[in-house]
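Biologist: I'm new to this one, so please give me a close look at the empty space inside it, pockets and cavities alike. Take your time and walk me round slowly.

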Amino acid sequence: MPDEPTPNEQKHPLELTVVVPTYSAGGFERFFACCYPLVEVVEELSRNAFNVTVVSRYSTNGEIHRNGIRYLFVADSLGEQPRSWQVSLSLLKAVQQLSGDIVHLHSLSYFNLAAAIKQLQNSSARVVGEYHSDQQKSGVMGYLQRKALSCLDLLLFSNTADADKWTDWLAPNCPRTGLSIEASSRFCYAPRHSARVTTGFAG
């Protein structure tokens, strides 16, 4: 039988940093109510070999630990809807300090933020951008958006039609693409008996 691995040989959980560049205001519980699909996905990931930190723009600074996830809320002066080329320096600083193995940015619109995150991570880190009904820019902004997104390691889409559309637009320098987990509902696995009691159906 092979020897047990020493502590130094034990595999450590991957550090996953999830970046939410959109703006929220109000009590922090509002974030969990509005972003429940994201919350449920990261909680599942934290149960499967990831240490997860979520960093989000918010109206005030704060930190919450909930169900094994660390949530960092950072305020800035950009307002609710910054231009797509603007970068939240406080958000970028928070992400840089975490030094995650994987950085997952929930937007393809804030392309300068995506490029800055990629540039500031260590060489082994992987930066992923996820599509959220983002617009393809035109003219100079389109050139800058394509150039910035081409440096990422992976782009995620909810369906193949959007993946194909962006692959064609970013060609010939499109990163790898993949399909993300659909998480728009709170449906989840439950034992058949419990599901019957909850739903009232006998399926």
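Modeller: Here is a walk through the open space, then the closed space, and then one residue beside it. First, a word of warning: this is a predicted model, so local features need pLDDT of at least 70 and side-chain atom pairs count only at pLDDT 80 or more, while totals for chains, interfaces and linings use all residues. Residues are numbered from 1 along each chain as its sequence is written, and side-chain values use heavy atoms, with hydrogens and water left out.

How do you find empty space at all? Rolling a probe the size of a water molecule over the atoms shows where it is left. Here that's done on a 1 Å grid over the protein atoms alone: a cavity is a set of points where a 1.4 Å probe fits but cannot get out, a pocket is an open set with protein on both sides within 12 Å along at least five of seven lines, and lining residues have an atom within 4 Å of a point. Points are joined across faces, edges and corners, and a volume is the space filled by probe spheres set on them.

Let's start with the largest pocket, at about 970 Å³. It has 37 lining residues, and Leu38, His104, His106, Glu130 and His132 lie nearest its centre. Strands E1 (14-24), E5 (102-105), E6 (126-130) and E7 (154-157), plus helix H2, each give two or more residues to that lining. (Helices, H or I with at least four residues, and strands, E with at least two, are DSSP runs numbered from the N terminus.) E1 has the largest share, with six residues. By class, the lining splits into 22 nonpolar, ten polar and five charged; nonpolar covers Ala, Val, Leu, Ile, Met, Phe, Trp, Tyr, Cys and Pro, charged covers Asp, Glu, Lys and Arg, and the others, Gly among them, are polar.

Now the closed space. There's one cavity of 30 Å³ or more, and the largest cavity has a volume of about 40 Å³. Its lining has seven nonpolar, two polar and one charged residues. Among them are Arg57, Leu78, Ser88, Leu91 and Tyr110.

Ser88 is worth a stop. You'll find Ser88 in the loop between strand E4 (69-74) and helix H3 (89-98). Its relative accessible area is 4%, so it counts as buried, the cut-off being under 20% with a 1.4 Å probe and protein chains only. Leaving aside residues up to four places away in sequence, Ser88 touches Arg57, Asp76 and Leu78, where contact means heavy atoms within 4.5 Å. Of those partners, Arg57 and Leu78 also line the largest cavity.

How values were computed:
Buried < 20%, exposed > 50% of the residue type's maximum accessible area, 1.4 Å probe, protein only.
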